[in-house]
Amino acid sequence: MSTATSNQNIATRPGPVGLAVHCKGVTKHFGKGDSKVLALRGVDLDIKYGELMMLVGPSGCGKTTLISVIAGILDRDAGECTVFGADFANLSGGARTKWRGANIGFVFQQFNLLPTLTAAENVAVPLMILGEGRHAAVKRAYDVLATVGLADRGKSLPSQLSGGQQQRVAIARALIHQPRLIVCDEPTSALDAVTGHTVMRLLKGVAMAQDRALVIVTHDARIFGFADRVASMNDGSVVSVGTPAELEAVHRH
Amino acid sequence: MNFVALKMLVGDRGKYFGIVLGIAFAAMLITQQSSIFVGLMTRTFGFITDTGYPDIWVMDPKVQFIDDTKPMQDIRLYRVRGVEGVRSAVPLYKGILRARLPNGTFQNCNVIGLDDATLTGGPPKMIQGEIAYLRRADGVIVDKVGAEGRLARPVLDDQGKPVLDEQGKPLPPIPLKVGDVLEINDKRAIVVGICQVQRTFQSQPVIYTTYSRAINFAPRERRLMSFICVDAATNANDPQTPEAKAANIQALCDRIEQRTGLLALPGKAFSWKTVMYFIKFTGIPINFGIAVVLGFLVGTAIAGQTFYQFTSDNIKQFGAIKAMGTSNSRLLGMIVLQAVVVGLVGYGLGIGAAAGFGYITKGSELAFRLLPETLLVTGVAIALICVLASMLALVKVVRVEPAIVFK
């Protein structure tokens, strides 16, 4: 898919109707027999269009498993889960991979930039996966790098960038193909407080749009304030969903 | 994504060179050892190639290879000449005789006696003199390597000690030259020419002379004729395609064997019989085979281990691009591309090094013959190494869960 086509798809997308993500009774287990672990125990969660949802909770509570199921990289055992109306369970492996490539952007905790590619080339990878030619993809990558304030670092290797800069490159990579859902796993945990806030401001500023949704898994209480809503998870279940202020009030009491 | 695959590969220079060098080492060892083996085997029938002329070699049925001469009585020659389809049949003497050099030392030489009348089957290339000079009294032609090597005369002083140059090194020996006199089995021989022949397996100096002179040099025996060289008669009406010609020659061989009880083989078949003898009855192929197999195994181990390590180190990156929408078939394509690139580069470097080795050692005692077939065999071996090396990596990448990126 070329950039032009990609842009055209976005322009001709129907207006946001219904929910961006709808999960109901989602369960997921790992292992077998005595070592079987129930990671998700009937999770119900809805994410609206234009919403930044944070998933918070202690380690091992199922946050990462839930975003993996939402992003279609893990199969659920039971329940319903649709993303922009599409149910991964109804898609073949190849179709699911293709759908994911076109519609979901990822930001990882450890950035997962390819160390031998320059920043611009890393940003261009999703477009190349979608079939865009290298030169056009890299050219477009420079434009997106400019939106995250790294226009002058396009030729730098990841090892030549600071942690904050690498995460900004990862954000640019997650945005370049204009996905509708952006999934972030602990995007600020490897960063100091100031850089973490910068990254969150950037995410909120450049990633949010009315036809998009953003899901962020985090432990970092310092960034809860950026969320529209926060879903608290514990032991494989969503125990509460509310605004950051509501969450703070609950914690205060 | 091919670009990404290549950048991932060459970006990690240490591992890239590790894989390439592993493959290059294997390619070099396989090519070099195979070429030396082929070179050695070629030397075993070097005399047959040099003689060239006869369509058919006739010999005692017990002969196993070219140097395994079982002398026949001269009467056999006439029987062969009587077989229908034989245009000409000439005797050939081949034997190891001891030559006494001008300085009094002795050297075993391979003496070839050519038919007096036709002098057919002589050396393929004359450097000095002509083959016809063999008709001069006591005339012999000596091969260049022998003349400059084992038959060369060391420079000695009156006390028999080597004469030294200004740097204290012994002066180089003086090559045997036209006009020098040898003694072969106490019979006088005069060098009338210097020729060039293929090196033989035994690497002894080769001395050509006439058949009658050769049997005069040889110790008196009842049987002295080593081979009968037969030229097949051709009929203008016979089909002249190579296949038809070969069939005619084979038919003539069968007739000669039937009528004379001797063994008759076309030159190519005799060469193969010689090679097969060395393959079957000497440890040479095993020794070279072990080196080739070792090269293959070491190359596979180095390349496979490094390739697997390379993939393991990048597994999260592969997981990330898988999560971002890269299909398994695309990932397979990326790994295969990486394997093909390192395979081609390693193969090129390896055969280049082997060819360089062959070029440097050209003209030396070392047998080295690089055949296109050897390059093909090495190519197949390297392809196999790449397949084996990338197999584990392929499995690892295909099995990787994209969810690994969240761990």
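**Figure 1. The single salt bridge between chain B and chain A.** One salt bridge is counted between chain B and chain A in this predicted model. The bridge pairs A:Glu121 with B:Lys7, whose closest N and O atoms lie 2.9 Å apart. Five residue pairs, with both members at pLDDT 80 or more, are in polar contact between the two chains.

**Figure 2. The side of chain B that touches chain A.** Helix H1 (2-11) and helix H10 (315-323) of chain B each contribute at least two residues to this side. H10(B) provides the largest share, namely six residues. Sorted by class, the side comprises 12 nonpolar, five polar and six charged residues.

**Figure 3. Extent of the interface between chain B and chain A.** Chain B brings 23 residues to the contact and chain A brings 27 residues. About 2,200 Å² is buried between the chains, with carbon and sulfur atoms giving 70% of that area.

**Figure 4. The two domains of chain B.** Domain 1 of chain B spans 2-43 + 284-406, and domain 2 of chain B spans 73-261. Seven residues of domain 1 and five residues of domain 2 take part in the contact. The domain centres, taken over C-alpha atoms, are separated by 47 Å.

**Figure 5. Contact between domain 1 and domain 2 of chain B.** The buried area between these domains is about 560 Å², and carbon and sulfur atoms give 47% of it. The count of salt bridges between them is zero, as is the count of residue pairs in polar contact with both at pLDDT 80 or more. On the side of domain 1 that touches domain 2, helix H2 (residues 13-44) of chain B gives the most, with three residues. By class, this side of domain 1 holds two nonpolar, three polar and two charged residues.

Key:
Residues numbered from 1 in each chain as written. Chains lettered and ligands numbered in written order. Predicted model: local features only at pLDDT ≥ 70, side-chain atom pairs only at ≥ 80, totals over all residues. Heavy atoms only, no water. Domains from an automatic or database assignment. Contact = heavy atoms within 4.5 Å. Buried area = accessible area lost by both parts, 1.4 Å probe. Salt bridge = Lys/Arg side-chain N within 4 Å of Asp/Glu carboxyl O. Polar contact = N/O pair within 3.5 Å; in protein donor to acceptor, adjacent residues only side chain to side chain. Helix = DSSP H or I, 4+ residues; strand = E, 2+ residues; numbered from the N terminus. Nonpolar A, V, L, I, M, F, W, Y, C, P; charged D, E, K, R; others polar.
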